[in-house]
Amino acid sequence: MTDLSASTVFITGASSGFGAATARRFAADGARLVIAARRADRLQALKAELTVPVHILQLDLRDRGAVAAAVAGLPAEFAAIDVLVNNAGLAAGLEPAHKASLDDWDLMVDTNIKGLMYCTRAVLPGMVERKRGHIINIGSVAGAYPYPGGNTYGGTKAFVEQFSLNLRNDILGSNVRVTNIAPGMCETEFSLVRFKGDADKAASVYKGIKPLSADDIAECIHWVAALPRHVNINILEVMPVNQAFAGFSVHREA
Ligand code: NDP
Ligand code: 8X3
């Protein structure tokens, strides 16, 4: 396995959910961390909890210039990024396409697609130059399997999967690894964000099942990074045991 104790790990969306859990998981190895999100108070609290070197980036990933400047301005001891976890993202709304909000659709595209592109484009040249690195993108089962109301969210996560696979071709020969991790239902702030703060509606998503936890996904992220450097997991799809697939649906005229 790869020793990650001397690694620098850049995690987007570290103020909550998978991102915060992933920061804790890599910190357990002694890795130095760059943690990014908009809520700086959350990042400060996470940094205070950890005993490894941590650099905070208060950043809205939708801002292309800010992403480029933040990566270019990293202090020297955090600049050589070994692992980029492109985790920040969200679903907004669950309405059918003909009723959904275009603002919600823009928000998901700007965050899940464009933000992920900006971070990747900022960090990847250094990895290719050093001939070392790993980009771990957080997709979703929604990128592979459609469900009612998944419309644009699912589309953004399909982008994440295809972008990840295409990156592998572009950087073949650089030793840089690329992985798409596609989780199913996991209890974080994800549904609270999707339902715009409606805590009852968010809780109902996970009622009666044991969903994945953020720690489960952090363990997967850590595992793909800790595999020997010649091993590239392309796609890792993970669900709770009580989640599976619906068949085709058919509308019949009465
Ligand atoms: P959370 O809502 O708990 O965390 C989302 C994180 O993304 C937060 O840290 C948030 O930080 C950050 N973020 C959102 N927008 C921006 C932005 N514009 N700029 C910077 N950071 C941003 O959800 P999860 O941990 O569950 O989600 C993490 C990823 O996992 C997402 O990409 C999500 O789509 C994906 N996913 C989640 C699943 C689930 O069931 N929970 C399943 C499959 C995939 P802040 O608000 O402070 O900026
Ligand atoms: C989050 C999982 O099934 O709610 O990506 O879309 S799901």
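This passage describes the surroundings of two ligands, and the packing of two helices, in a predicted model.

Ligand 1 is surrounded by 30 residues, of which Ser-15, Ser-16, Arg-38, Tyr-153 and Thr-188 are the closest. By class, this shell comprises 13 nonpolar, 11 polar and 6 charged residues. Polar contacts to ligand 1 involve both side-chain and backbone atoms of the protein, as the following pairs show. In the side chain of Arg-38, an N or O atom is placed 2.6 Å from an oxygen atom of the ligand. Backbone atoms take part at Leu-61, where an N or O atom of the main chain is 3.0 Å from a nitrogen atom of ligand 1, and at Cys-186, where a backbone N or O atom is likewise found 3.0 Å from a nitrogen atom of ligand 1. Considered alone, ligand 1 exposes 880 Å², and 96% of that area is buried by the protein. The elements contributing two or more residues each to the shell are α1, which spans residues 17–27, α6, which spans residues 151–170, and α7, which spans residues 190–194.

Helix α6, one of the elements that contribute to the shell of ligand 1, also packs against helix α5, which is formed by residues 102–130. The axes of α5 and α6 come within 8 Å and cross at roughly 15°. Because angles under 35 degrees count as roughly parallel, α5 is therefore described as roughly parallel to α6. The crossing by which α5 passes α6 is right-handed.

The surroundings of ligand 2 consist of Ser-140, Ala-142, Tyr-147, Tyr-153, Phe-190 and Arg-194, and these divide into 4 nonpolar, 1 polar and 1 charged residues. Oxygen atoms of ligand 2 are approached by polar side-chain atoms of Ser-140, at 2.5 Å, of Tyr-147, also at 2.5 Å, and of Tyr-153, at 2.6 Å. Taken by itself, ligand 2 exposes 240 Å², of which the protein buries 83%.

Tyr-153 links the two descriptions, since this residue is listed among the closest to ligand 1 and is also one of the residues around ligand 2. In the case of ligand 2, a polar atom in the side chain of Tyr-153 is 2.6 Å from an oxygen atom of the ligand.

Methods. Residues numbered from 1 in each chain as written. Chains lettered and ligands numbered in written order. Predicted model: local features only at pLDDT ≥ 70, side-chain atom pairs only at ≥ 80, totals over all residues. Heavy atoms only, no water. Near = heavy atom within 4 Å. Polar contact = N/O pair within 3.5 Å; in protein donor to acceptor, adjacent residues only side chain to side chain. Areas by Shrake-Rupley, 256 points an atom, 1.4 Å probe, with all protein chains shown as cover. Helix = DSSP H or I, 4+ residues; strand = E, 2+ residues; numbered from the N terminus. Nonpolar A, V, L, I, M, F, W, Y, C, P; charged D, E, K, R; others polar. Axes fitted to C-alpha atoms, helices over the stretch in contact; angles between N-to-C directions. Parallel < 35°, antiparallel > 145°, perpendicular 65-115°, else oblique. Left-handed = near helix turned anticlockwise from the far one by under 90°.
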